[in-house]
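Me: I should like to learn how to read the features of a structure one at a time. Please give the general idea where there is one, and then the case at hand.

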Amino acid sequence: MRISIALASLALLAACNDTAPQPEPAAEQSDAPSTPAVSRPADAASGDRAVPAAAEIPAALQGRWGLVSADCTSTRGDNKGLLEVGPETLRFYESRGTLGEVTASQPDLVRATFAFTGEGMEWTREMQLRLIGGKDRLERTEYGPEAAAELLLYERCPT
């Protein structure tokens, strides 16, 4: 119990510290070329930091992803681990997230806030999607006080 509380506290502190550098994906983990994010200039008068400019989720991340292979092939509607990534949306079994503020964007990564709706509720969640080990594995990490504690790994569904 103490370990869980300590880990939750550390995660909360890390989420609150928006000046901490974020780990970059290792070059050997992706087949996509590593290029820096496109940024708009910082506003010197207001002290705003440069924020990557992205109107949509990178194309390499878009598609259908399953936590298990049955998520990709179910015809009974019981594919609760299916994640469908579109240009501006994330669609899960019973919820849908719309892209909001993007804080990092590369060809194989996006970190952004998403506005979710589902089961009569609305919430926001900061999330990072990142390709790992090539183009067929996706890592999803959530940030914030109500975020899932562990990262989730998805496999690309066959087309």
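Me: In this predicted model, where is the place of A115?
Reply: A115 sits in strand β5. With a relative accessibility of 40%, A115 counts as partly exposed, because the intermediate class runs between the limits of 20% and 50%.

Me: Which residues does A115 touch, not counting residues up to four places away in sequence?
Reply: A115 touches R96, G97, T98, W123 and T124. For G97 there is also a backbone distance: the C-alpha atoms of A115 and G97 are 5.2 Å apart, although the two residues are 18 apart in sequence.

Me: How is a pair of aromatic rings described?
Reply: Such a pair is described by two quantities, the distance of the centres and the angle of the planes. The count here comes to 3 aromatic pairs. One of them joins F92 and F116, with 6.0 Å from centre to centre and 40 degrees between the planes, and this pair is tilted.

Me: Which parts does the pair of F92 and F116 tie together?
Reply: F92 lies in the loop between β3 (89-91) and β4 (96-106), while F116 lies in strand β5 (residues 109-118), so the pair ties together parts that are 24 residues apart in sequence. Both F92 and F116 are buried.

Me: What is the arrangement of the rings of F116 and W123?
Reply: The ring centres of F116 and W123 are 5.5 Å apart and the planes meet at 5 degrees, so the pair is stacked. The partners can also be described by accessibility: F116 counts as buried at 3%, whereas W123 is partly exposed at 29%.

Me: Which residues do the ring pairs link into a cluster?
Reply: The cluster consists of F92, F114, F116 and W123, linked through ring pairs.

Me: Which residue lies over the face of Y143?
Reply: R111 does, at 3.5 Å from the ring centre. Both R111 and Y143 are also among the contacts of Q128, a list that leaves aside neighbours within four places in sequence and includes L109, V110, E139, R140 and T141 as well. Q128 is found in strand β6 and counts as buried, with a relative accessibility of 8%.

Me: Which residues touch the most other members of the largest nonpolar core?
Reply: That core has 18 residues, and I57, L83, L90, F114 and L138 touch the most other members. At least two residues of the core come from each of β2 (82-85), β4, β5 and β6 (121-131). The largest share, 4 residues, is supplied by β5.

Me: With which residues is L90 in contact, leaving aside its neighbours within four places in sequence?
Reply: The contacts of L90 include I57, L83 and F114, and also F116, M127 and L129. Others among them are E84, V85, S95, R96 and G97.

Me: What is a disulfide, and how many does a search of the whole structure find?
Reply: A disulfide is a covalent bond between the sulfur atoms of two cysteines. The search finds 1. C72 and C157 form this bond, with their sulfur atoms 1.9 Å apart. The torsion about the S-S bond of C72 and C157 is about -75 degrees, so the disulfide is left-handed. C72 lies in helix α2 (residues 69-73) and C157 in the segment after β8 (152-156), so the pair ties together parts 85 residues apart in sequence. C72 counts as buried at 15% relative accessibility, and C157 counts as buried at 5%.

Me: What is the sign of phi in most residues other than glycine?
Reply: Most of them have a negative phi. E119 has a positive value, with phi near 50 degrees. E119 lies in the loop between β5 and β6 and is exposed, with a relative accessible area of 62%.

Me: How many helices and strands does the chain have?
Reply: The chain has 2 helices and 8 strands, in the order α-β-α-β-β-β-β-β-β-β along the sequence. Of its 159 residues, 33% are buried. Among contacts between residues at least 6 apart in sequence, 40% join residues at least 24 apart.

Me: Where does pLDDT stay under 50?
Reply: It stays under 50 over residues 1-53, for which the model has 43 contacts beyond four places in sequence. Where pLDDT is low, the predicted coordinates should not be read in detail. The chain averages a pLDDT of 75, and 66% of the residues score at least 70.

Notes: Residues are numbered from 1 along each chain as its sequence is written. This is a predicted model: local features need pLDDT of at least 70, side-chain atom pairs count only at pLDDT 80 or more; totals for chains, interfaces and linings use all residues. Side-chain values use heavy atoms; hydrogens and water are left out. Rings of Phe, Tyr and Trp (its six-membered ring) pair if their centres lie within 6.5 Å; planes under 30 degrees apart count as stacked, over 60 as edge-to-face and the rest as tilted. Buried means under 20% relative accessible area, exposed over 50%, partly exposed in between (1.4 Å probe, protein chains only). A charge sits over a ring if NZ of Lys or CZ of Arg is within 6 Å of the ring centre and within 35 degrees of the ring normal. A nonpolar core is a set of buried Ala, Val, Leu, Ile, Met, Phe, Trp, Tyr and Cys residues joined through side-chain atoms within 4.5 Å. Contact means heavy atoms within 4.5 Å. pLDDT is the predictor's confidence in each residue, from 0 to 100. A disulfide is a pair of cysteine sulfur atoms within 2.5 Å.
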